[in-house]
Amino acid sequence: MEAGPLAFAAIDQGVAFGRGGLGNIYTWAAGNGREDGDNVNYDGYANLFQVIAVAAIDDRGEQAEYSEPGAPILVSAPSSSEGSGLTDGIVTTDLLRNQGYNYLTTDADDDPFRDLDYTGTFSGTSSATPVVSGVVALMLDANPNLSWRDVKAILIESARKNDPTDNSWFTNGAGYEFSHKYGFGAVDALAAVELAESWTPL
């Protein structure tokens, strides 16, 4: 997928002028094509330096079987994975009734959620990415003065090294451990927010 000139211009404008000049935050799903041999290196949007590309990990902290590897990945976040036996996905609200997954609760008449549609099958890097977006929202709530570059730096500094025995980890030129499966590691909401609170702007 190639990013065209209008996409480049829009993202450039967003990071230059969004949020009063602090820059908009762009998260991007790294892709679900690993089983077909796909690699996020070929994704023109994930490769933009202004973008936060997100991979998916399972409940053991290991690469989900569909999550594409590649250099653009910044961090990873939880999602579903059949490899770990976790076939269900992330639970989230859904479009109402037959417009969505129609995952209506009907367990009991006194169930307070009986009229709330939700799904338990949201999966892929498409569900891992909003997890990172949520962490970014918490960071900005803790410190609204963070620039888009600050947000990326905090995610890198606070990421937790998951699957530490995996042979994909190496130390990059700046001295950070990095993996083409996981980026700088699994997003850590508490560590990211705590770092955001005391962060000195870049």
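Guide: Welcome! A residue counts as buried under 20% relative accessible area, exposed over 50%, and partly exposed in between. Keep that in mind as we look around this predicted model.

Visitor: Why is W28 called partly exposed?

Guide: W28 has a relative accessible area of 27%. Partly exposed is the class between under 20% and over 50%, so W28 belongs there.

Visitor: How many aromatic pairs are there, and what makes the pair of W28 and Y45 a stacked one?

Guide: Searching the whole structure turns up six aromatic pairs. In the one formed by W28 and Y45, the centres are 4.9 Å apart and the planes differ by 20 degrees. Centres must lie within 6.5 Å for a pair, and planes under 30 degrees apart count as stacked, so both conditions are met by W28 and Y45.

Visitor: Where do W28 and Y45 sit along the chain?

Guide: W28 lies in strand β1 (residues 26–29), while Y45 is in the loop between β1 and β2 (51–57). They are 17 residues apart, and their pair links distant parts of the chain.

Visitor: Why is the pair of F49 and W148 called tilted?

Guide: Their ring centres are 6.0 Å apart, with the planes at 45 degrees. An angle under 30 would be stacked and one over 60 edge-to-face, so 45 degrees leaves tilted for F49 and W148. This pair, too, links distant parts of the chain: F49 is in the loop between β1 and β2, W148 is in helix α3 (residues 148–158), and 99 residues separate them.

Visitor: Are F49 and W148 buried or exposed?

Guide: F49 reaches 59% relative accessibility, and since exposed means over 50%, F49 counts as exposed. W148 has 14%, and because buried means under 20%, W148 counts as buried.

Visitor: Which residues do ring pairs link into a cluster?

Guide: F170, Y176, F178 and F184 are linked that way.

Visitor: Which members of the largest nonpolar core touch the most other members?

Guide: This core has 26 residues, and I52, V132, M139, L146, V151, I154 and L155 are the ones touching the most other members. At least two residues come from each of β2, β3 (73–78), α2 (125–142), α3 and α4 (189–197). Helix α2 gives the most, with six residues. As for L146, leaving aside neighbours within four places in sequence, its contacts include R19, M139, V151, A196 and W199.

Visitor: Why are β1 and β3 said to stand at the edges of their sheet?

Guide: The open sheet has three strands in the order β1-β2-β3, with parallel pairing. β1 and β3 each have a single partner strand, so one side of each is left without a neighbour in the sheet. On average, neighbouring strands are turned by 40 degrees against each other, direction ignored.

Visitor: What packs on this sheet?

Guide: Helix α2 does, touching β1, β2 and β3, and its direction makes about 120 degrees with that of β2.

Visitor: How do you know that β2 and β3 pair?

Guide: Five bridges join β2 and β3 in the parallel sense. A pair needs at least two bridges, so β2 and β3 qualify.

Visitor: What does the chain hold overall?

Guide: The chain has four helices and seven strands. Of its 202 residues, 44% count as buried. The chain exposes about 10,600 Å², of which carbon and sulfur atoms supply 52%.

Technical notes
Residues are numbered from 1 along each chain as its sequence is written. This is a predicted model: local features need pLDDT of at least 70, side-chain atom pairs count only at pLDDT 80 or more; totals for chains, interfaces and linings use all residues. Side-chain values use heavy atoms; hydrogens and water are left out. Buried means under 20% relative accessible area, exposed over 50%, partly exposed in between (1.4 Å probe, protein chains only). A nonpolar core is a set of buried Ala, Val, Leu, Ile, Met, Phe, Trp, Tyr and Cys residues joined through side-chain atoms within 4.5 Å. Contact means heavy atoms within 4.5 Å. Axes are lines fitted to C-alpha atoms, for helices over the stretch in contact, and angles run from 0 to 180 degrees between N-to-C directions. Accessible areas come from the Shrake-Rupley method with a 1.4 Å probe; for residues, only the protein chains shown count as cover.
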